[in-house]
Number of protein chains: 2
Amino acid sequence: MAKKAPLPDSALELVARRFAVLAEPMRLRLIQSLFDGEKPVNALVEATGGTQANISRHLQTLTQAHLLSRRKEGLQVFYAIADPTLVPLCELVCGSLEKQLTKQAGVLKR
Amino acid sequence: MAKKAPLPDSALELVARRFAVLAEPMRLRLIQSLFDGEKPVNALVEATGGTQANISRHLQTLTQAHLLSRRKEGLQVFYAIADPTLVPLCELVCGSLEKQLTKQAGVLKR
DNA sequence: TTGATATATGAGCATATACTCATATACTTG
DNA sequence: CAAGTATATGAGTATATGCTCATATATCAA
(Lines give C-alpha, C1' and ligand atoms only; values in the text may rest on other atoms or scores of the structure.)
Protein backbone atom coordinates (compact mmCIF):
# COMPACT_ATOMS: atom_id res chain seq x y z
CA MET A 1 0.00 0.00 0.00
CA ALA A 2 2.76 2.39 -0.98
CA LYS A 3 1.92 5.97 -1.60
CA LYS A 4 3.17 5.66 -5.14
CA ALA A 5 1.62 2.70 -6.93
CA PRO A 6 -1.78 1.59 -5.60
CA LEU A 7 -1.81 -1.94 -4.30
CA PRO A 8 -4.26 -4.43 -5.78
CA ASP A 9 -7.11 -5.73 -3.67
CA SER A 10 -5.33 -9.01 -3.11
CA ALA A 11 -2.48 -7.17 -1.41
CA LEU A 12 -4.84 -5.05 0.65
CA GLU A 13 -6.52 -8.24 1.83
CA LEU A 14 -3.17 -9.50 3.08
CA VAL A 15 -2.38 -6.19 4.76
CA ALA A 16 -5.78 -6.14 6.42
CA ARG A 17 -5.27 -9.66 7.63
CA ARG A 18 -1.93 -8.69 9.16
CA PHE A 19 -3.54 -5.85 11.02
CA ALA A 20 -6.33 -8.17 12.11
CA VAL A 21 -3.85 -10.56 13.67
CA LEU A 22 -2.52 -7.67 15.74
CA ALA A 23 -5.98 -6.33 16.61
CA GLU A 24 -6.29 -8.39 19.75
CA PRO A 25 -5.12 -7.26 23.18
CA MET A 26 -4.19 -10.78 24.26
CA ARG A 27 -2.01 -11.22 21.22
CA LEU A 28 -0.32 -7.91 21.89
CA ARG A 29 0.29 -9.03 25.43
CA LEU A 30 1.96 -12.15 24.15
CA ILE A 31 4.08 -10.17 21.72
CA GLN A 32 5.06 -7.71 24.41
CA SER A 33 6.02 -10.55 26.70
CA LEU A 34 8.18 -12.07 23.98
CA PHE A 35 10.02 -8.80 23.45
CA ASP A 36 11.98 -9.89 26.55
CA GLY A 37 13.04 -13.00 24.68
CA GLU A 38 11.92 -16.53 23.91
CA LYS A 39 9.47 -18.13 26.35
CA PRO A 40 7.67 -21.44 26.84
CA VAL A 41 3.89 -21.58 26.78
CA ASN A 42 3.44 -21.93 30.52
CA ALA A 43 5.49 -18.77 31.08
CA LEU A 44 3.31 -16.92 28.60
CA VAL A 45 0.20 -18.22 30.31
CA GLU A 46 1.48 -16.83 33.60
CA ALA A 47 2.67 -13.57 32.11
CA THR A 48 -0.62 -12.79 30.45
CA GLY A 49 -3.13 -14.30 32.85
CA GLY A 50 -4.95 -16.06 30.03
CA THR A 51 -6.07 -19.67 29.97
CA GLN A 52 -3.68 -22.23 28.52
CA ALA A 53 -6.13 -23.17 25.79
CA ASN A 54 -6.71 -19.58 24.76
CA ILE A 55 -3.02 -18.69 24.80
CA SER A 56 -2.18 -21.74 22.76
CA ARG A 57 -4.72 -20.75 20.17
CA HIS A 58 -3.43 -17.20 19.94
CA LEU A 59 0.13 -18.46 19.65
CA GLN A 60 -1.00 -20.64 16.79
CA THR A 61 -2.49 -17.69 14.99
CA LEU A 62 0.64 -15.57 15.44
CA THR A 63 2.88 -18.42 14.35
CA GLN A 64 0.83 -19.15 11.26
CA ALA A 65 1.10 -15.49 10.38
CA HIS A 66 4.89 -15.90 10.67
CA LEU A 67 5.08 -13.25 13.36
CA LEU A 68 6.33 -15.81 15.88
CA SER A 69 8.59 -18.81 15.63
CA ARG A 70 8.34 -21.98 17.69
CA ARG A 71 10.62 -24.79 18.71
CA LYS A 72 10.06 -27.86 20.83
CA GLU A 73 12.26 -28.96 23.67
CA GLY A 74 11.03 -32.04 25.44
CA LEU A 75 7.61 -31.32 26.87
CA GLN A 76 7.95 -27.61 26.27
CA VAL A 77 7.37 -25.45 23.26
CA PHE A 78 9.23 -22.16 23.10
CA TYR A 79 7.95 -19.19 21.16
CA ALA A 80 9.86 -16.14 20.01
CA ILE A 81 9.39 -13.03 17.92
CA ALA A 82 10.07 -13.83 14.28
CA ASP A 83 9.12 -10.67 12.47
CA PRO A 84 11.33 -7.63 13.09
CA THR A 85 8.62 -5.20 11.96
CA LEU A 86 6.66 -5.85 15.15
CA VAL A 87 8.71 -3.38 17.14
CA PRO A 88 8.44 -0.39 14.79
CA LEU A 89 4.78 -1.19 14.11
CA CYS A 90 3.91 -0.95 17.75
CA GLU A 91 6.08 2.09 18.26
CA LEU A 92 4.36 3.92 15.43
CA VAL A 93 0.93 3.20 16.81
CA CYS A 94 1.94 4.12 20.35
CA GLY A 95 3.43 7.35 19.16
CA SER A 96 0.31 8.24 17.23
CA LEU A 97 -1.98 7.39 20.12
CA GLU A 98 0.19 9.36 22.51
CA LYS A 99 -0.03 12.42 20.31
CA GLN A 100 -3.77 12.06 20.09
CA LEU A 101 -4.21 11.69 23.81
CA THR A 102 -1.89 14.61 24.45
CA LYS A 103 -3.88 16.73 22.05
CA GLN A 104 -7.12 15.70 23.67
CA ALA A 105 -5.73 16.42 27.11
CA GLY A 106 -4.70 19.86 25.93
CA VAL A 107 -8.19 20.56 24.66
CA LEU A 108 -9.67 19.55 27.99
CA LYS A 109 -7.27 21.70 29.97
CA ARG A 110 -8.51 24.90 28.43
CA MET B 1 4.23 -1.27 23.55
CA ALA B 2 7.86 -0.28 23.60
CA LYS B 3 10.45 -2.94 23.97
CA LYS B 4 11.66 -1.33 27.17
CA ALA B 5 8.82 -0.69 29.61
CA PRO B 6 5.78 -2.94 29.22
CA LEU B 7 2.60 -1.12 28.38
CA PRO B 8 -0.38 -1.50 30.69
CA ASP B 9 -3.47 -3.33 29.47
CA SER B 10 -5.31 -0.08 28.90
CA ALA B 11 -2.67 0.98 26.40
CA LEU B 12 -2.67 -2.41 24.69
CA GLU B 13 -6.43 -2.07 24.32
CA LEU B 14 -5.93 1.21 22.50
CA VAL B 15 -3.21 -0.26 20.30
CA ALA B 16 -5.37 -3.26 19.47
CA ARG B 17 -8.22 -0.96 18.59
CA ARG B 18 -5.99 1.01 16.25
CA PHE B 19 -4.97 -2.17 14.47
CA ALA B 20 -8.62 -3.23 14.33
CA VAL B 21 -9.56 -0.03 12.54
CA LEU B 22 -6.98 -0.86 9.89
CA ALA B 23 -7.94 -4.54 9.68
CA GLU B 24 -10.50 -3.96 6.95
CA PRO B 25 -9.74 -4.09 3.23
CA MET B 26 -12.36 -1.48 2.40
CA ARG B 27 -10.83 0.94 4.91
CA LEU B 28 -7.40 0.34 3.49
CA ARG B 29 -8.80 1.06 0.04
CA LEU B 30 -10.14 4.35 1.29
CA ILE B 31 -6.85 5.22 2.91
CA GLN B 32 -4.95 4.30 -0.21
CA SER B 33 -7.27 6.43 -2.30
CA LEU B 34 -6.71 9.37 0.02
CA PHE B 35 -2.94 9.07 -0.29
CA ASP B 36 -3.50 10.90 -3.59
CA GLY B 37 -5.03 13.78 -1.68
CA GLU B 38 -8.32 14.98 -0.23
CA LYS B 39 -11.49 13.61 -1.85
CA PRO B 40 -15.26 13.94 -1.50
CA VAL B 41 -17.39 10.95 -0.56
CA ASN B 42 -18.77 10.35 -4.02
CA ALA B 43 -15.25 10.15 -5.41
CA LEU B 44 -14.33 7.62 -2.74
CA VAL B 45 -17.45 5.62 -3.53
CA GLU B 46 -16.39 5.47 -7.16
CA ALA B 47 -12.76 4.76 -6.39
CA THR B 48 -13.50 1.85 -4.11
CA GLY B 49 -16.60 0.37 -5.68
CA GLY B 50 -18.36 0.22 -2.35
CA THR B 51 -21.89 1.37 -1.58
CA GLN B 52 -22.35 4.94 -0.44
CA ALA B 53 -23.81 3.81 2.88
CA ASN B 54 -20.96 1.43 3.58
CA ILE B 55 -18.27 3.92 2.58
CA SER B 56 -19.83 6.59 4.73
CA ARG B 57 -19.80 4.26 7.70
CA HIS B 58 -16.16 3.32 7.19
CA LEU B 59 -15.23 6.97 6.83
CA GLN B 60 -16.95 7.65 10.11
CA THR B 61 -14.93 4.96 11.82
CA LEU B 62 -11.63 6.26 10.42
CA THR B 63 -12.52 9.82 11.31
CA GLN B 64 -13.50 8.94 14.86
CA ALA B 65 -10.16 7.20 15.19
CA HIS B 66 -8.55 10.47 14.10
CA LEU B 67 -6.91 8.81 11.14
CA LEU B 68 -8.88 10.96 8.70
CA SER B 69 -10.05 14.54 8.82
CA ARG B 70 -13.23 15.89 7.26
CA ARG B 71 -14.51 19.23 6.10
CA LYS B 72 -17.78 20.28 4.56
CA GLU B 73 -18.15 22.39 1.45
CA GLY B 74 -21.74 22.90 0.41
CA LEU B 75 -23.30 19.57 -0.28
CA GLN B 76 -19.98 17.78 -0.27
CA VAL B 77 -17.85 16.42 2.52
CA PHE B 78 -14.16 16.09 1.86
CA TYR B 79 -11.98 13.58 3.66
CA ALA B 80 -8.20 13.54 3.96
CA ILE B 81 -5.45 11.63 5.71
CA ALA B 82 -4.91 13.10 9.17
CA ASP B 83 -2.43 10.73 10.75
CA PRO B 84 1.07 10.71 9.29
CA THR B 85 1.84 7.27 10.70
CA LEU B 86 -0.46 5.65 8.15
CA VAL B 87 2.19 5.67 5.46
CA PRO B 88 5.01 4.03 7.44
CA LEU B 89 2.56 1.58 9.01
CA CYS B 90 1.43 0.32 5.66
CA GLU B 91 4.95 0.28 4.31
CA LEU B 92 6.17 -1.82 7.21
CA VAL B 93 3.42 -4.37 6.75
CA CYS B 94 3.90 -4.49 2.99
CA GLY B 95 7.60 -5.00 3.42
CA SER B 96 7.08 -7.80 5.89
CA LEU B 97 4.50 -9.54 3.71
CA GLU B 98 6.71 -9.17 0.67
CA LYS B 99 9.58 -10.85 2.48
CA GLN B 100 7.34 -13.65 3.59
CA LEU B 101 5.93 -14.25 0.13
CA THR B 102 9.40 -14.11 -1.38
CA LYS B 103 10.62 -16.65 1.14
CA GLN B 104 7.64 -18.89 0.46
CA ALA B 105 8.16 -18.58 -3.28
CA GLY B 106 11.77 -19.58 -2.78
CA VAL B 107 10.77 -22.66 -0.84
CA LEU B 108 8.38 -23.70 -3.58
CA LYS B 109 10.96 -23.26 -6.31
CA ARG B 110 13.22 -25.93 -4.90
C1' DT C 1 -41.15 26.49 -0.42
C1' DT C 2 -40.16 22.59 -3.43
C1' DG C 3 -37.23 19.51 -5.60
C1' DA C 4 -32.75 17.72 -6.32
C1' DT C 5 -28.39 16.22 -4.66
C1' DA C 6 -24.91 14.50 -1.23
C1' DT C 7 -24.12 12.28 2.88
C1' DA C 8 -25.13 10.26 7.43
C1' DT C 9 -27.62 7.07 10.23
C1' DG C 10 -31.19 3.52 12.25
C1' DA C 11 -32.24 -1.14 11.98
C1' DG C 12 -31.75 -5.84 10.73
C1' DC C 13 -29.11 -9.86 9.20
C1' DA C 14 -25.08 -12.89 8.38
C1' DT C 15 -20.62 -14.07 9.48
C1' DA C 16 -16.20 -14.16 11.72
C1' DT C 17 -13.85 -14.61 15.80
C1' DA C 18 -12.70 -14.74 20.75
C1' DC C 19 -13.31 -17.64 24.71
C1' DT C 20 -14.16 -21.80 27.29
C1' DC C 21 -14.48 -26.77 28.30
C1' DA C 22 -12.94 -31.21 27.55
C1' DT C 23 -9.76 -34.01 25.89
C1' DA C 24 -6.42 -35.54 22.33
C1' DT C 25 -1.56 -35.56 21.47
C1' DA C 26 3.29 -35.44 22.68
C1' DC C 27 7.02 -36.13 25.79
C1' DT C 28 9.39 -37.91 29.99
C1' DT C 29 10.27 -40.81 33.90
C1' DG C 30 9.99 -44.78 36.91
C1' DC D 1 3.84 -49.78 30.14
C1' DA D 2 1.49 -46.46 33.27
C1' DA D 3 1.32 -42.03 35.18
C1' DG D 4 2.40 -37.30 35.08
C1' DT D 5 3.21 -33.06 32.68
C1' DA D 6 2.91 -29.65 28.77
C1' DT D 7 0.59 -28.24 24.87
C1' DA D 8 -2.64 -28.46 20.94
C1' DT D 9 -7.17 -29.04 19.20
C1' DG D 10 -12.42 -30.13 18.46
C1' DA D 11 -16.71 -28.29 19.48
C1' DG D 12 -19.99 -25.08 21.17
C1' DT D 13 -21.47 -20.37 22.53
C1' DA D 14 -21.63 -15.31 22.79
C1' DT D 15 -20.48 -11.15 20.84
C1' DA D 16 -18.68 -7.82 17.69
C1' DT D 17 -18.71 -6.13 13.28
C1' DG D 18 -19.34 -5.74 8.27
C1' DC D 19 -22.93 -5.05 4.87
C1' DT D 20 -27.33 -3.66 3.06
C1' DC D 21 -31.78 -1.24 2.78
C1' DA D 22 -34.37 2.60 3.71
C1' DT D 23 -34.58 7.00 4.93
C1' DA D 24 -33.22 11.00 7.80
C1' DT D 25 -30.50 15.11 7.53
C1' DA D 26 -28.04 18.82 5.28
C1' DT D 27 -27.28 21.91 1.48
C1' DC D 28 -28.44 24.48 -2.60
C1' DA D 29 -30.96 26.56 -6.46
C1' DA D 30 -35.13 27.90 -8.69
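Two strands count as paired here if DSSP finds at least two bridges between them. With that in hand, the sheet of chain B in this predicted model is easy to walk through. In chain B, the bridge partner of B:K39 is B:Y79, a residue of β3(B). The connection between β1(B) and β3(B) consists of two bridges, and the strands run antiparallel. On the β2(B) side, β3(B) is held by six bridges, again with the strands antiparallel. B:Y79 turns up here as well, since B:R70 stands opposite B:Y79 in β3(B). Another pair is B:L68, which sits opposite B:I81 of β3(B).

Put together, the three strands of chain B make an open sheet in the order β1-β3-β2, with antiparallel pairing. That leaves β1 (39-40) and β2 (68-73) of chain B as the edge strands, each pairing on one side only. The hairpin of β2(B) and β3(B) has two residues between its strands, and B:G74 takes a positive phi there, near 65°.

Chain A can be read in the matching way, starting from its sheet. Three strands form an open sheet with antiparallel pairing, ordered β1-β3-β2 (chain A). Each of β1 and β2 of chain A stands at an edge with a single partner strand, so one side of each has no neighbour in the sheet. Strand β1 (residues 39-40) of chain A is joined by two bridges to strand β3 (residues 76-81) of chain A, and the two run antiparallel. A:P40 is found opposite A:F78 in β3(A). From the β2(A) side, A:R71 also has A:F78 as its bridge partner in β3(A). One residue along in each strand, A:R70 stands opposite A:Y79 in β3(A). In total, six bridges join strand β2 (residues 68-73) of chain A to β3(A), in antiparallel fashion. The turn of this hairpin has two residues between the strands, and A:G74 takes a positive phi near 65°.

Now for the helices that go with these strands. In chain A, α2(A) lies across β1, β2 and β3, running at about 90° to β3(A). In chain B, α4(B) lies across β2 and β3, and its direction makes an angle of about 120° with β2(B).

Helices also pack on one another. Two packed helices are described by the angle between their axes and the distance between the axes. For helix α2 (residues 25-34) and helix α4 (residues 52-64) of chain A, the angle is about 75° and the axes are 10 Å apart. α2(A) and α4(A) are therefore roughly perpendicular to each other. On the α2(A) side the contact involves A:M26, A:R27, A:L30 and A:I31, which meet A:I55, A:H58, A:L59, A:T61 and A:L62 in α4(A). Sorted by class, this contact of α2(A) with α4(A) has six nonpolar, two polar and one charged residues.

A second helix pair is worth describing, this time in chain B. The axes of helix α3 (residues 41-48) and helix α4 (residues 52-64) of chain B come within 10 Å and cross at roughly 110°. That angle makes α3(B) roughly perpendicular to α4(B). The crossing of the two helices, α3(B) and α4(B), is right-handed. From α3(B), the residues in contact are B:V41, B:L44, B:V45 and B:T48, while α4(B) brings in B:Q52, B:I55 and B:L59. The class count for α3(B) with α4(B) comes to five nonpolar, two polar and no charged residues.

Finally, there is the relation between the two chains. Chain B superposes on chain A by a rotation of 180° with 0.0 Å of shift along its axis, at an RMSD of 0.0 Å. That is the relation of a two-fold axis. Of the residues of chain B, B:F19 comes closest to the rotation axis, with its C-alpha at 2.6 Å. Both copies use the same surface, as 100% of the contact residues of chain B recur in chain A.

Technical notes. Residues are numbered from 1 along each chain as its sequence is written. Chains are lettered from A and ligands numbered from 1 in the order in which they are written. This is a predicted model: local features need pLDDT of at least 70, side-chain atom pairs count only at pLDDT 80 or more; totals for chains, interfaces and linings use all residues. Side-chain values use heavy atoms; hydrogens and water are left out. Axes are lines fitted to C-alpha atoms, for helices over the stretch in contact, and angles run from 0 to 180 degrees between N-to-C directions. Helices (H or I, at least four residues) and strands (E, at least two) are DSSP runs, numbered from the N terminus. Angles under 35 degrees count as roughly parallel, over 145 as roughly antiparallel, 65 to 115 as roughly perpendicular and the rest as oblique. A crossing is left-handed if the near helix is turned anticlockwise from the far one by less than a right angle, and right-handed if clockwise. Contact means heavy atoms within 4.5 Å. Ala, Val, Leu, Ile, Met, Phe, Trp, Tyr, Cys and Pro count as nonpolar, Asp, Glu, Lys and Arg as charged, and the others, Gly among them, as polar. Copies are superposed by least squares on the C-alpha atoms of residues with pLDDT of at least 70 in both.
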